[in-house]
Amino acid sequence: MSLVTTPQRRVLADLIARPSSRARAFAVDAGLVITGALVVALLAKVSFFIGPVPITGQTLGVIVVGAALGARRGAAALTTYMLAGLAGLPVFAGIAAGPAYVLSPSFGFIIGFIPAAFVAGWFAERAWDRNPILAFVGFAAATAIPFLIGVPYMALILATVLGQEISLESVMAAGVLPFIVPGLIKAGFAALLIPAAWKLTQAVDRAKRQ
């Protein structure tokens with residue numbers, strides 16, 4: 001039985017030849033999931049600043065991995081990524097890792113990456129990832145999901161663990177407003193990258209048939 005049920009509609013990862021045996025199919029799915037987690041880990045270390053706010057490639061990695069692998073494998077990849085970080089591997093943005101990271105204000109966003117990858121993959125399975133406009137809509141929706149989990153989690157940790165006084169304004173200023181434009185930029189970049197990858201693979205396929 002494969003690690004994750006293969007979507008009925010193809011995503012980029014399904015262009016890989018599917019092995020006929022269950023053992024080999026499991027190995028392919030496991031390799032895709034681990035590779036997806038590694039991609040997010042690498043992009044998490046890519047950062048730049050917009051004003052005083054550090055912006056990483058982490059969310060871009062979540063969207064791209066979800067779209068490329070599909071909903072279930074994408075969610076599995078981000079679950080693997082989260083567990084690797086909690087095990088102490090330096091995969092998160094910054095150097096912090098290990099079980100104590102659950103007490104970090106940003107850990108809720110890590111949790112939110114799992115459904116975000118699922119949603120990006122869900123749209124990709126419906127071929128939205130082949131049209132830049134539809135891809136942007138789907139990827140922007142996926143980008144918003146970590147905030148639904150991460151912002152309340154951040155507020156909880158700041159108030160109960162760190163003992164800070166919080167307000168709606170302070171939470172929005174710390175965890176939402178600085179990331180809206182960068183999030184849209186990442187969604188836009190992914191909405192160009194994934195459809196371009198489809199066009200490239202289709203061009204290669206046509207060239208092979210000639």
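Three short exercises on single residues follow, each with a worked solution, for a predicted model.

**Exercise 1.** Find where Leu12 sits, decide whether Leu12 is buried or exposed, and list its contacts beyond the sequence neighbourhood.

*Solution.*
- Start with the location. Leu12 lies in the segment before helix H1, which covers 22-44.
- Next, take the relative accessible area of Leu12: 15%. Buried means under 20%, so Leu12 is buried.
- Now skip the neighbours within four places in sequence. Leu12 then contacts Ala68, Ile194, Ala197 and Trp198.
- Last, compare chain and space. Leu12 and Ala124 are 112 residues apart along the chain, yet 8.7 Å separates their C-alpha atoms.

**Exercise 2.** Place Thr56 in its element, and work out which backbone nitrogen its side chain reaches.

*Solution.*
- Thr56 belongs to strand E2, residues 53-56.
- Its relative accessibility is 16%. The cut-off for buried is under 20%, so Thr56 counts as buried.
- Follow the side chain of Thr56. It reaches the backbone nitrogen of Gln58 at 3.2 Å.
- Then leave out residues up to four places away in sequence. Thr56 touches Leu43, Ala44, Val46, Ser47, Ala93 and Lys186.

**Exercise 3.** Locate Ala127, classify its exposure, and state the sign of its phi.

*Solution.*
- Ala127 is in the loop between helix H4 (107-125) and helix H5 (132-161).
- Its relative accessible area is 34%. Buried is under 20% and exposed is over 50%, so Ala127 is partly exposed.
- Check the backbone angle. Phi of Ala127 is near 65°, a positive value, and the residue is not glycine.

Definitions and conventions: Residues are numbered from 1 along each chain as its sequence is written. This is a predicted model: local features need pLDDT of at least 70, side-chain atom pairs count only at pLDDT 80 or more; totals for chains, interfaces and linings use all residues. Side-chain values use heavy atoms; hydrogens and water are left out. Helices (H or I, at least four residues) and strands (E, at least two) are DSSP runs, numbered from the N terminus. Buried means under 20% relative accessible area, exposed over 50%, partly exposed in between (1.4 Å probe, protein chains only). Contact means heavy atoms within 4.5 Å. A polar contact is a pair of N or O atoms within 3.5 Å; within protein, one must be able to donate a hydrogen and the other to accept it, and residues adjacent in sequence count only if both atoms are side-chain atoms.
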